[in-house]
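I opened the model today to look up a few things. Strands, cavities, cysteines and salt bridges were on my list.

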Amino acid sequence: MRGELAAALDSIVEKYRQKGYFTQASYGVFQRDKISFLNTCGGADRGTSFDLASLTKIYTTFLILRGIQEGKLSLAESPLGFLEIPASCKKVAEYLSHVTVEQLMTHTSGLCAWYPFYVEKEEFYQVLEKLVPKEKGSEEPVYSDLNYMLLGKAAEGVWKMELSEAVNKIIAKPLGMESLAYYPPGSARRGKIAVSAYDNCTEEAMCRERGLSFQHFRKHGAPICGEANDGNCWYYFQGISGHAGLFSNAEDVCRFGMFFLNEDSGIFAQAQKPRAGTRGLGFDTGFLYPGGCGHTGFTGTSLYLSVEKGVGAVLLTNRLTCAQSAGLPDLRELRRQFHEKVEESTGVSCKK
């Protein structure tokens, strides 16, 4: 059986690359005690970092979970005590007084899914003042970037340091992940980075649909490399946010996943189980993640974990480089096939 899983995964990824779903990919499989397999295609190598996009949310999740583990906060409390909300933002403070940390993490806070903060000239909480509902409504999960913008700010309050510093000191260094980093404007670029897109046309369309305008979108055709593709992260939060902005190579995302595989009890294990619909604490347990959980990123990234089988997988691509007028490449079937193949092949050594 040696090498069969590797060959199967190579075949799946290459099939989608040739069909024009992305130009580059880096991917791997890991178990509790080792990375079993790493490979790349399209000119990427094992050191190539990708824009993780919404996979960033799982790293923010880690910061919150570690804080809970150390008794700094609890799932049941409001995040208000960790947020520096101006006295003038009374609606935000009142609303969040009825929202728990758990509700932010499970996307049941009632906040809207997305808003382009960068079209406004005001500070974050001032803009949020205009977006919060009059009262807390349904607790049905609504996946929202706003939840993790707030959790990123809460993490800064919990750890009493800036988010980028917290990611480095509490996640990257202890877990030995040298590539994991935010790249704010003007930062020194480290290593090789995959181009993530050639414009922000999707967000331009989303703004037009809402009757909003923004004059500073990137020029069409200009490669986005080493800058967060996400508009709110890059234009508004200067490259550092709880919902997007991190870069990493596949090997280091595997190391991150290995940490969770080894947590079979406590808050990190609880995070991987559904609590609201398919939503766990940060993680999702839907059909893309057979027998386990995971998360995806808009740029074409994903992390999959199955604690029961003791296996996980990472797939980093740059699907936005293949955006067409008809829309963005849909990676759901690729991700499902990739994760299912890994889950079915538990215990098979696939290292090349």
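My entries follow, topic by topic.

**Strand β8.** I started from a predicted model. My opening query was how β8 sits among its neighbours. Strand β8 covers residues 311–317, and 7 of its 7 residues are buried. I then checked the two faces separately. On one side I found Val 311, Ala 313, Leu 315 and Thr 317, on the other Gly 312, Val 314 and Leu 316, all of them buried.

Next I looked up the partners of β8. Strand β1 (residues 25–31) runs antiparallel to β8, and 7 bridges join the two. I noted one pair here: Ala 25 has Thr 317 as its bridge partner. Strand β7 (residues 301–306) is also antiparallel to β8, with 6 bridges. For Leu 305, the bridge partner in β8 is Gly 312. The β7 and β8 hairpin has 4 residues between its strands, and Gly 310 there has a positive phi near 70 degrees.

**The three-stranded sheet.** I moved on to an open, antiparallel sheet of 3 strands, ordered β3-β5-β4. Its edge strands are β3 (50–51) and β4 (181–182), each pairing on one side only. Strand β5 spans residues 246–248 and pairs with β4 through 2 bridges, in the antiparallel sense. I marked Tyr 182, whose bridge partner in β5 is Leu 246.

**Cavities.** How many cavities of 30 Å³ or more are there? I count 2. The largest has a volume of about 80 Å³. I listed its lining, which includes Ala 197, Asp 199, Cys 201, Glu 203, Phe 298 and Leu 328. By class, the lining residues are 6 nonpolar, 3 polar and 2 charged.

**Cysteines.** I searched for disulfides and got 0. Cys 293 is in no disulfide, and the nearest cysteine sulfur, that of Cys 254, is 15 Å away. Are these two cysteines buried or exposed? Cys 254 has 0% relative accessibility, so I entered this residue as buried. Cys 293 is at 1%, so this residue also went down as buried.

**Salt bridges.** The whole structure gave me 14 salt bridges. I looked at three of them in detail.

- Asp 145 and Lys 57 meet at 2.8 Å, N to O. Asp 145 belongs to helix α6 (residues 145–159) and Lys 57 to helix α2 (residues 56–69), so this pair ties together parts 88 residues apart in sequence. I checked burial at each end. Asp 145 counts as buried because its relative accessibility is 9%. Lys 57 counts as buried because its value is 0%.
- Lys 130 and Glu 122 form a salt bridge at 2.8 Å, N to O. Lys 130 has a relative accessible area of 48%, so I logged this residue as partly exposed. Glu 122 is at 33% and therefore partly exposed. I also found a network of salt bridges that links Glu 120, Glu 122 and Lys 130.
- Glu 340 and Arg 336 make a salt bridge at 2.8 Å, N to O. Both lie in helix α12 (residues 332–344), 4 residues apart, about one turn of the helix. Glu 340 is partly exposed at 26%. Arg 336 is partly exposed at 22%.

**Last check.** I went back over the burial cut-off for the entries above. Buried means under 20% relative accessible area. Asp 145, at 9%, is therefore on the buried side, whereas Arg 336, at 22%, is partly exposed.

Conventions: Residues numbered from 1 in each chain as written. Predicted model: local features only at pLDDT ≥ 70, side-chain atom pairs only at ≥ 80, totals over all residues. Heavy atoms only, no water. Pairing = 2+ DSSP bridges. 1 Å grid on protein atoms, 1.4 Å probe; cavity = no way out; pocket = protein on both sides within 12 Å on 5 of 7 lines; lining within 4 Å. Points joined across faces, edges and corners; volume = space filled by probe spheres on them. Nonpolar A, V, L, I, M, F, W, Y, C, P; charged D, E, K, R; others polar. Disulfide = S-S within 2.5 Å. Buried < 20%, exposed > 50% of the residue type's maximum accessible area, 1.4 Å probe, protein only. Salt bridge = Lys/Arg side-chain N within 4 Å of Asp/Glu carboxyl O.
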